[in-house]
Amino acid sequence: MKTTIKTSLILLLSSVMILTSCRSEETEFINTPTEEVIQINSVVADLILRTTTNDGSNDNILDFANCFNIKLPIAVTANSIPVNINNTNDYYLVESIFDEDFDDVDAVNLDFPITIVNSDFSEVTINDMSELTARANICNGENVSDNDIECIDFIYPFSASKFNINNELLSSETFTNDHELYNFIEDITEDDITSINFPISVLTSNGTFLQITSLTELETTIENQQNACDEDDDYDYDDDDCDDCTQELLESFLTDCQNWYVDKTRQDNFNYDSIYDGYEFNFSTDGTVTVFWNSTSASGTWITAGNANNISVLIDIPGLPYCNNNWSLQEINNSSITKIDLRVGTEDRLRYRNTCN
């Protein structure tokens, strides 16, 4: 009998403790400061949605559309060359084909049907080029202001908690990508009490990681960063090839490798690609350049200035006029063959190649 009473008391006390614990947790959540709750249609909810919106401009080399991108993988033909694009890094394969010649007409043909992913992550099947063009024409044009924010990114994973007053359910959801967070914010209702579980981290366009400890701080940070970069909403696939270039990087490539050769030369709308066949170019750290061909040699100077997409290379080699110019560094391609691509405007070009890597 005593055992039965003792057991009943234990069960009763356990039930009271469980109920008290649940009610304490509920009370604590309800008392969350108003400024730390994501309200439907609030400024911070809108900023989070715009930051997690699907960016459609990253594949403009394929679809010329800023409000959607093509779901990968896909097969394309670039200037009659078949290319399999399995991830976003493979867009560069198409660009490399386009970059080979200045005076050809660059064209990419898609293997339809394809699937496009809209800014809200909804998907649509496209059956032919006319359908794709019609969809692209609905998007904002080149460098026209749009709704998405590309200058700051969330670092995943992190989570948020939601309490619905109607059914008294407390839930927590962990996000691993923009799509999941976008859907979560989009689904918030007037009856939801929703709060992000801080701290979280974000990455700014200049490569800085920031730790965020409150909803107010998150709102301020996104507002400060939303216009801090060029969102590259244009169709010029060449204009950002040297985002990570430095003078030191260029000088290191040119001086560490010997016997560079020229494979592309263009002046005044004429190609002279073979004019320097058999010429070997050697760049020295003292700013001199020496050229050898057959039993002949020539010497000149070279100097770099600027940074990123504004690096200039002044080359002066007497006797080799097609090398001489104040060139702009277009690109450093360090794949199986290293290529240093120099341009002046859209007409003049000089490209050095080497297998040194």
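These legends accompany close-up views of a predicted model.

**View 1. Arg 351 and Glu 100 bring distant parts of the chain together in a salt bridge.** The closest N and O atoms of Arg 351 and Glu 100 are 3.2 Å apart. Look for Arg 351 in strand S21 (residues 348–354) and for Glu 100 in the loop between helix H4 (91–99) and S4, 251 residues apart. Arg 351 is buried, because its relative accessible area is 3%, whereas Glu 100 has 24% relative accessibility and so counts as partly exposed. A search of the whole structure finds nine salt bridges. Through shared partners, salt bridges join Glu 100, Asp 263, Lys 339, Arg 351 and Arg 353 into one network.

**View 2. Asp 341 pairs with Arg 349.** Their side chains meet in a salt bridge, with 2.9 Å from N to O. How accessible is Asp 341? Its relative accessibility is 2%, so Asp 341 counts as buried. Arg 349 is buried too, with a relative accessibility of 2%. As a reminder for this view, side chains of opposite charge can pair when their charged atoms come close.

**View 3. A salt bridge connects Asp 192 and Lys 162.** Here the N to O distance is 3.9 Å. This pair also links distant parts of the chain: Asp 192 belongs to strand S10, Lys 162 to strand S8 (residues 158–164), and 30 residues separate them along the sequence. Asp 192 counts as buried because its relative accessibility is 7%. Lys 162, with a relative accessible area of 16%, is buried as well.

**View 4. Asp 120, Glu 173, Glu 186 and Asp 187 form a negative surface patch.** To get your bearings, find Glu 173 in strand S9 (residues 169–175). Is Glu 173 buried or partly exposed? At 35% relative accessibility, Glu 173 counts as partly exposed.

**View 5. Two peptide bonds that lead into prolines are cis.** One runs from Phe 112 to Pro 113, with omega near 0°. Pro 113 sits in the loop between strand S4 (108–110) and strand S5 (114–118). The other runs from Phe 198 to Pro 199, with omega near 5°. You will find Pro 199 in the loop between strand S10 (192–196) and strand S11 (200–204). These bonds deserve a pause, because most peptide bonds are trans.

**View 6. Asn 294 and Ala 308 have positive phi values.** Phi of Asn 294 is near 50°, and Ala 308 has a phi of about 50°. Neither residue is a glycine. Why point this out? Most residues other than glycine have a negative phi. Asn 294 lies in the loop between strand S16 (288–293) and strand S17 (296–305), and with 78% relative accessibility Asn 294 counts as exposed. Ala 308 is in the loop between S17 and strand S18 (312–316).

**View 7. The side chain of Ser 42 contacts the backbone of Ala 45.** Which atom does the Ser 42 side chain reach? The partner is the backbone nitrogen of Ala 45, at 3.3 Å. Ser 42 lies in the loop between helix H1 (2–30) and helix H2 (43–52). With a relative accessible area of 18%, under the 20% limit, Ser 42 is buried. Thr 51, found in helix H2, is also buried, with a relative accessible area of 4%. From Thr 51 you can look across to Asn 147: their C-alpha atoms are separated by 9.0 Å, although the two residues are 96 residues apart along the chain.

Key
Residues numbered from 1 in each chain as written. Predicted model: local features only at pLDDT ≥ 70, side-chain atom pairs only at ≥ 80, totals over all residues. Heavy atoms only, no water. Patch = residues over 30% accessible without salt bridge, like charges linked within 9 Å, V, L, I, M, F, W, Y side chains within 5 Å. Areas by Shrake-Rupley, 256 points an atom, 1.4 Å probe, with all protein chains shown as cover. Salt bridge = Lys/Arg side-chain N within 4 Å of Asp/Glu carboxyl O. Lys, Arg positive; Asp, Glu negative; His and termini not counted. Charge placed at Lys NZ, Arg CZ, Asp CG, Glu CD. Helix = DSSP H or I, 4+ residues; strand = E, 2+ residues; numbered from the N terminus. Buried < 20%, exposed > 50% of the residue type's maximum accessible area, 1.4 Å probe, protein only. Polar contact = N/O pair within 3.5 Å; in protein donor to acceptor, adjacent residues only side chain to side chain.
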